[in-house]
Structures are given as C-alpha cells and as structure tokens.
Amino acid sequence: MTRIFSGIKPSGHLTLGNYLGALRQWVAAEQEPHDALFCVVDLHALTVDHDPARVRRLSRQAATLFLASGLDPLKCTLFVQSHVDEHTRLSYLLECTATDGELRRMIQYKEKAARARAAGDGVRLSLLTYPVLMAADILAYDAAEVPVGEDQRQHVELARDLAVRFNLRYGHTFTVPQVVLPTVAARVMDLQDPAAKMGKSHENGAGIVYLLDEPAVITKKVMRAVTDSGDGGVVYDRAARPGVANLLDILSACTGAEPAALADRYSGYGALKRDVAEAVVEVLRPVQERHAELAADPGGVERVLRAGAERARGLARPVVDRAYRNIGL
Ligand code: ADP
C-alpha cells in the first residue's frame, strides 16, 4: 500500500488555498488504498515570530479542520508533529547531509528572510533549516508520495535529494519520495494581489478567504477581488489576466468545470464574482458545520491526535533508528 505524508503548519488560520490545494486532495487520496499520514506541523510555525498561546490554539484548530474537511481517523493517521520526537531526531542527521548553499537557494527562505529583515526582525536559523525538518517529516515514514501545492515542490525535491545522497553515502536507508501536485487549484492566489499565493501567514487578510470566514465575509472578499484592467471581457489568461484567471481557477476547483469553458459563460466581472462567492460559500458550508460540531468536543479531537501520534511513533522509530545506525552512531 502506498504510504503518503503531508502537513499544514499552524502559523495562521487555514485558508481556501490550504483547503483546495491540500485538504481536499488529502480526502480524495484517503479514498484510495493508501496508508496516509496527515500532520499538523507545529514546529514549522516557530520559524518566524510567533505567539505561544496562538500557535497552540491554531494547532488544535487545524487538527479540527482536518477532521471537519472529511479526513477519517479510522482510515488515516492524524497527528501533531511535536508529539513525535523522531522528526527532530532525524532532522539533525539530515542537517549533516544538506549544505547551507542548497538551503539558501530555497525560494521560500529568500522571500520569508527578506520579509523578516524588512520588519527589522532577526532571521531565525530554523527558517533556513526548515526544509530539512520537512525532509525528516517525510523520510521518517518511508513516504512514497507527498501531495502538496506547487509552492512546496522545491522542498519535496530537497527531501528527494537528501534521501538519495544519504542512501548513496551510508547504504539504503530511505524511500525516495515523489511530489504529487493537485490537477486543479495547485496555486490559489491572493484576491488582492494575484501575483502572491493565498497564504495564511500573509499580512493582508482582505485577499485571503479563511475556512472559518462567515458567508457574508467570504462574499465581501470575493466581490472586492482585484480584476485586471483591459476591455473587461472574461478570458482565461494566467499571464496577462492573473486576477480573473485566479477567480476562474477557484470556480473551476469548486465546480469541476474547466476554467476556459467557464470564462465563455461570463461577459462581465460582477456576475463571475457573484458565482465564485456562492460556489466558495457552498464548498465551505459543510466544513464549517462539521467544525462547529467537533469544536464543541475538544476532548474528542485530543483523543484522535494521541492515537495518531502513537501510531506515527511506531512507524518512524525503526526508520530513524536505521538512519542512526547507518550513519555510524
Ligand atoms: P501556508 O502557505 O498557508 O502557510 P503551508 O506551508 O502550511 O501553507 O502549506 C500547507 C499545504 O497547503 C501545502 O500542501 C501547500 O502547498 C498548500 N497550500 C498553501 N497555500 C496554498 C495555495 N494558496 N494554493 C494551493 N495550495 C496551497
């Protein structure tokens, strides 16, 4: 059975990008004969300025949203990264396998380090080493497939490189993982800035649809989405008309219709936005309803996470022990 691993970091409230680009794909993968592990990667939320109580709260909220999105703890393993020590144990061995040059080349590092410097903050060393910890997250489970959005492709490629290098130097130790990108909504863009991805850690909440936004708020954000200057016609052109293309991509992800075919149905932006808002509200409605039920019983979510961590530990321990042995410890 194919083992798959993926995670979301609790660095902010989960977004429509996380849902369409990750959670919904995970639920689909869970229907296949996969052994799937899905993780709230809380250690990754500490790479930038953070508030301890908020991270703890967001971590539980993310786990609750995993369940609310339809992940079934009887079919997959749901857990919190910091509950399983094997991730950090393995990360150090991989730090001894990676070079600082390959980490400094990571696009997300460059962007986030520049942002931290601009804000006058120091750049935490963990921001640089974060892709190594992510490689450990994946390699500790012998995961064969990693379903992620386009923005994470480079990090999964690093995990592959490190696995291959470690295997060559120290003998076969790790399964070399493959990235699996969604066929739709691999990259949902910010509604106010279609050049930037809709990311939960971004400052500008006006362009970000959060999974727990009220329907009226979602509608307002979509109706205020920036569209492109031009003749006002609705065409699907990601390069020349990124704002409209993003709305069409979102509508496509919600309805299953092709974005270019959807474009033909509209003559103006207003009607398109109204339909996008309605489609997003409808897609998120069942998730929000289930979230409200689950949030009323936090003990239930805790039990799922405890059982998940126990299973994850049992899978990771022999892999990480093997790595320690093979590297000479
Ligand atoms: P974020 O950028 O929201 O902090 P994470 O790094 O926690 O996201 O990523 C969690 C998962 O959600 C990854 O698989 C990532 O590719 C996916 N994802 C995040 N934002 C988007 C987006 N805007 N469009 C598509 N997928 C996304």
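Start by selecting strands β1 (residues 2-8) and β2 (residues 34-40), which run parallel and are joined by seven bridges. What you have open is a predicted model, and every value given along this tour is computed from it. Within the pair, pick out G7, which stands opposite C39 in β2. If you then colour β1 by burial, the strand proves to be mostly covered, with five of its seven residues buried.

Next, add helix α1 (residues 16-31) to the selection and follow the chain, which leaves β1, passes through α1 and arrives at β2 in a right-handed β-α-β crossover.

Keep β1 and α1 highlighted and bring up the ligand. Which elements supply its shell? Both β1 and α1 supply at least two residues each, and α1 gives the most, with four residues. Displayed in full, the surroundings of the ligand comprise 22 residues, of which G17, G21, A22, V148 and G149 are the closest. Coloured by class, this shell shows seven nonpolar residues, 10 polar ones and five charged ones.

Now step back to the whole chain and colour it by domain: domain 1 takes in 2-181 together with 297-327, while domain 2 covers 205-292. If you place a marker at the centre of each domain, taken over C-alpha atoms, the two markers are separated by 29 Å. Where the domains meet, select the 10 residues of domain 1 that are in contact with 10 residues of domain 2. On the domain 1 side of this meeting, the elements that give two or more residues are α1 and α2 (52-68), so labelled here for selection in the viewer. The residues of that side divide into six nonpolar and four polar, with no charged residue among them.

For a last stop, go to helix α6 (residues 125-139) and centre the view on T129, which has its place there. Is T129 buried or exposed? T129 counts as partly exposed, because 19 C-beta neighbours lie inside 10 Å of it, whereas a residue is called buried only if that count is 20 or more. Setting aside the neighbours within four places in sequence, select E95 and L103, with which T129 is in contact. Finally, draw a distance from T129 to A119, which lies 10 residues away along the chain: the C-alpha atoms of the two are separated by 21 Å.

Methods:
Residues are numbered from 1 along each chain as its sequence is written. This is a predicted model: local features need pLDDT of at least 70, side-chain atom pairs count only at pLDDT 80 or more; totals for chains, interfaces and linings use all residues. A residue is buried if 20 or more other C-beta atoms lie within 10 Å of its own, exposed if 12 or fewer, and partly exposed in between; C-beta atoms are placed from the backbone. Two strands pair if DSSP finds at least two bridges between them. A crossover is right-handed if, with the strands pointing away from the viewer, the path from the first strand over the helix to the second runs clockwise. A residue is near a molecule or strand if its C-beta atom, placed from the backbone, lies within 6 Å of it. Ala, Val, Leu, Ile, Met, Phe, Trp, Tyr, Cys and Pro count as nonpolar, Asp, Glu, Lys and Arg as charged, and the others, Gly among them, as polar. Domain bounds come from an automatic or database domain assignment. Two residues are in contact if their C-beta atoms, placed from the backbone, lie within 7 Å.
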